[in-house]
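I opened the notebook to work through one chain, going from the backbone to the packing and then to the confidence scores. The entries follow the order in which I looked things up.

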Amino acid sequence: MAAQVTLKSGEKVKVNDHVYCSPPWSVRDGTPYSVARIMEFLPPEGAGKGKGKGKEIYTRVRLAWYYRPSDVSDRPVADSRLLLAAIYSEICDINQLRSRCHVLHRDKITDLAGWKKRPDRFYFNRLFDPYIKKEFDVIQATDVRNLPDNIRQVLISRYEYIVAEKDVVPDLTDTLRLCATCSEWCANPDTVGCDRCKNFFHMSCVQPPLLAKPSRGYGWTCAPCSKRHEEEVDKHDVRHPTPIMKPKSNAPAPRGRGRPRKDRSLAEKEENVDIKYFKMWPFRYFGQYTVAEDTLDPDDLIFPRSATRVGPKYQATVPTTLDVPSPSDPEQRGGDYTVEVLSAINTLTDEEIVEMEAWKVVLSRNQEKLHSVDWLTEALRRFSQAHLLNRGWSTVDMSVIPTRPEKWKKGETRHTDREWTADEVTAFEDGIFLYGAELRAVHDEIGTRSMAEVVRFYGHWKNSRLKEENAQIRAARLKAKDQGKDEVPSATAIVADQFSDDEGSIMLGLSKHNNSCGACRTRESENWWRAPKGLATDILCDTCGTNWRKYADLNFRTVREDAVPSSKKGSDKREGTPLNGPSTKRVKTSTSASVNATPPPNAPTAPQLRCLACQKNGPVGKVLRCNQCQFRVHAASCGVHMDKSVVDSWMCDICQNEETLESSMHTDCLLCPRRKSKKKAQFPNADSFLRASKPTEGQGWAHVLCAVFTPEISFSDVSQLRLVEGISTIPKQRWASKCTLCGETSGAVIRCSDCVREYHSSCAWRKGHHFGFEIQPVRHPRRDGIITTFKGETGNMVPVVYCQEHENSKRELYDVCETDETGETALQVYCRIYKQAPVTQAHALLRKARRLDQTLNIRTDGTSSVDVSAEPVLQCDMCSTQYSPAFYPSEHYSGRWRCHKCHFEHRNGVGAGHSPDGSLSPLDDTMDG
């Protein structure tokens, strides 16, 4: 039975389980947990193994790390459950293990949406190598088919996954490729493929042999195909153009999204799926720089590799010169002249060391210097020089200028840093508050210190802070002991206990300065956690604290004017993950170094609000916030134009309608499906862009998103995106199609721009699909419709929606809130050019009637496309009108009719004249007599 270890949380873990790992809060400096896999449990360092099973004492653990995408790149990733695997391990203290989690490959998960909804679940499909700083694709070993059978069976029997470059994956997953000449397997590096017959050849099997592959972008044809092509050209045969087809790839197809399955047994089966490990690793590199036969060796290295840097491309070839004489007596490297002796203490006897220690104490009366590493290093160097020159210890003097000469340097170098001024310390602490442990940005903030000085001062500064915290902990323990208590008070006990679940990260409660969560701004929580630096407050609620520690995700919600400036968001980036591992890509900073030691005064920062459409911050005025529901959106993306003086009193259309009652109080979008829930919300959620709704011509409501991305919809006034017209012109098929996301058949659907999936605009927005506008080039501007120019690109502006599965789409989209040089958003430009209703041609009622005529297939000349010859054309025999809500047969003459008005006027005895002369006709007298 495999060894099991019980964590402090009470969970039991074994080898190959995935866990959260983190040092104490004071050490990790506010960074989230790291995710890792347990490779093996280890006894204390230097101790032997225990006797017998179950008697081993484990204090250390070897972990295989996973990275988060934000650790290795500045590219934002919305999925907090996505990880990057790594072939990198490290030994850590077993007390750093927090709790258990689950990590699976993407292809092992049947229902990804349901997997991500469960807590402590992660997935990966790529691998990051921390040494060559490059990402690779990870595929299942069973998907590899283009290999000899013996090599393929070895890979499948040993490893669960294969790591390769993205360009190599289609070749690996293709069918077995054999040389058309020798019928042997064609390895990718030494193989060329004919573009005409699609056969593969070894480069050495063709005649003449190829020395190198064709350059990128060029094809190659074998000799028979080339000869056949020349004959076709000589015969002047007409060649049909070759259709341009998308290159076929045998890579595993991306899984489609759908409604999450509620099969808990399937999810539990996926959690306990068996993974093969070979020498404690489930994958190995098999890519562009792998020799296939080497993988048969069990000792072959499994790490990713890069191209070699040996050869004339990287090394300079220096020609020998006969005219220049070579030096007669070149100085040998490693001699006394080229070596600088830093210490010779190891050559001293015990008596000389005791005497030297006595003289070292006398060199300075400052006790801090006697314990300074820099001062002790220089003192030992000077004592060593005195010993090598046969001088006495009394010749060593440390009171002179703190500089020393160094070989290969012209000037002297300080052995200790000069004292930091108060202004420099203030600038340093401000930089730490803004950028956290990103010392490069802190160095730029100070401007008067070198990078090495900043790094050394950061170590001293952090140790001094730990010293203060430890002093407070000891004082609290002594106070509790004096009072006769066995335990320290609750808040102090949580901070002091170094073996608790999260050392020092739980706070007692709210205070004057920390009165709300730094992320969601709530004031109610069962537990309060310390927050990372850079937030509005220093605490997080229970939900946000858990999301930050486990998933590195914070749900920001700005509800006050004094929002955090966007320049502070870089402080949320983790530093030094994995623990003590290779450094990853750092945050790019654009701070400029200050010239003076005194930091510049903090400029007043404009309040920032986060738009719910683009999730970007913007100043108040450009981003509006509803005075009632706190809905936030860019003004240009919602059709709002208002004076800055009344920005604070702005209300969204739905909240404004509660007061004016101009439209229906039922605010559900007419283009979205009707929900059959009993507890249906009365209004849309104010924390989503779907709150932005506009009234329709029939006093209903439609989402701005649905109206803009539905091609048949137009607006009476595009400057304000009011009123929504044209809902009746949407084809019937779009109303009857089933949404692939929610499964409903009501509501108008739109189609993905890159596949055949159809879904509602609101469902696509909730699922995180991509919305934007694309500029498509045109060849004939007069024939191809209206063209526009946006950010220097000219063509037809087309709204585009595509699924999350098409993340690698080559479309260049402009975001809904992206602005051009004039400050106009892409949504404004598109609506202004393509969504304006023809208000100058007809009034609103006539436009609605014409759309109704089109729906009923009525021609513009007033006749119906349906055969109506059998129906008589009725005409009032009193006023000769042919238009009436109803016609009534005459009581005296058959075949004659009266309109609705004339019928009731004469029935009630009203004798208003209907004849042209204003009097009753003889026929009227006869009928009324």
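Before the first entry I fix the term I will lean on: a residue is buried when its relative accessible area is under 20%, exposed when that area is over 50%, and partly exposed in between. I also note at the outset that this is a predicted model.

**Entry: backbone around Leu721**

I looked up Leu721 and found a positive phi of about 55°, although this residue is not a glycine. Leu721 sits in the loop between strand E25 (714-717) and E26. Is Leu721 buried or exposed? Its relative accessible area is 2%, and since buried means under 20%, Leu721 is buried.

Following the chain onward, I came to a cis peptide bond between Arg722 and Leu723, with omega at about -25°. Leu723 belongs to strand E26, which covers residues 722-725. I recorded both features because most residues other than glycine have a negative phi, and most peptide bonds are trans.

**Entry: other backbone features**

Another cis peptide bond runs from Gln207 to Pro208, with omega near -5°. I placed Pro208 in the loop between strand E12 (200-202) and helix H6 (223-234).

Met280, which is not a glycine either, has a positive phi of about 75°. I found Met280 in the loop between helix H7 (264-271) and strand E13 (283-285), and at 32% relative accessibility it counts as partly exposed.

**Entry: Arg62 and its contacts**

Met280 turned up again when I listed the contacts of Arg62: leaving aside neighbours within four places in sequence, Arg62 is in contact with Arg37, Ile38, Met39, Glu40, Ser89, Glu90, Ile91 and Met280. Arg62 lies in strand E5, residues 60-67, and is partly exposed, with a relative accessible area of 23%. For one of these partners I also looked up the backbone separation: the C-alpha atoms of Arg62 and Ile38 are separated by 6.2 Å, while the two residues are 24 apart along the chain.

**Entry: the nonpolar cores**

Which residues touch the most other members of the largest nonpolar core? I found Phe631, Val708, Tyr759 and Phe773, in a core of 69 residues. Among the elements that give two or more residues to this core are strand E24 (701-703), helix H17 (704-709), strand E29 (770-776), strand E31 (793-802) and helix H20 (826-834). H17 gives the most, with six residues.

I then took Phe773 by itself and, not counting residues up to four places away in sequence, found that it touches Val708, Phe709, Met797, Val798, Pro799, Glu812, Leu813, Tyr814, Val816, Ala826, Leu827 and Tyr830. A second, separate core has 42 residues, including Val35, Phe124, Leu172 and Ile275.

Phe631 led me to Ser688, which touches Leu612, Phe631 and Trp765 when residues up to four places away in sequence are not counted. Ser688 is found in the loop between H16 and strand E23 (693-695), and with a relative accessible area of 19% it is buried.

**Entry: helices H11 and H13**

Two packed helices are described by the angle between their axes and the distance between the axes. For helix H11 (residues 422-435) and helix H13 (residues 451-482) I noted an angle of about 80°, with the axes 12 Å apart. H11 and H13 are therefore roughly perpendicular to each other.

On the H11 side the residues that meet the partner helix are Val425, Phe428, Glu429 and Ile432, and on the H13 side they are Val454, Phe457, Tyr458, Trp461 and Arg465. By class, this contact of H11 with H13 has seven nonpolar, no polar and two charged residues.

**Entry: the chain as a whole, and confidence**

I counted 23 helices and 33 strands in the chain. Of its 929 residues, 39% are buried. Among contacts between residues at least 6 apart in sequence, 58% join residues at least 24 apart.

The chain averages a pLDDT of 78, and 79% of the residues score at least 70. Over residues 557-605 the pLDDT is below 50, and this stretch has 121 contacts in the model beyond near neighbours in sequence. Over residues 859-870 the pLDDT is also below 50, and there I found four such contacts beyond near neighbours in sequence.

Note on methods. Residues are numbered from 1 along each chain as its sequence is written. This is a predicted model: local features need pLDDT of at least 70, side-chain atom pairs count only at pLDDT 80 or more; totals for chains, interfaces and linings use all residues. Side-chain values use heavy atoms; hydrogens and water are left out. A nonpolar core is a set of buried Ala, Val, Leu, Ile, Met, Phe, Trp, Tyr and Cys residues joined through side-chain atoms within 4.5 Å. Buried means under 20% relative accessible area, exposed over 50%, partly exposed in between (1.4 Å probe, protein chains only). Helices (H or I, at least four residues) and strands (E, at least two) are DSSP runs, numbered from the N terminus. Contact means heavy atoms within 4.5 Å. Axes are lines fitted to C-alpha atoms, for helices over the stretch in contact, and angles run from 0 to 180 degrees between N-to-C directions. Angles under 35 degrees count as roughly parallel, over 145 as roughly antiparallel, 65 to 115 as roughly perpendicular and the rest as oblique. Ala, Val, Leu, Ile, Met, Phe, Trp, Tyr, Cys and Pro count as nonpolar, Asp, Glu, Lys and Arg as charged, and the others, Gly among them, as polar. pLDDT is the predictor's confidence in each residue, from 0 to 100.
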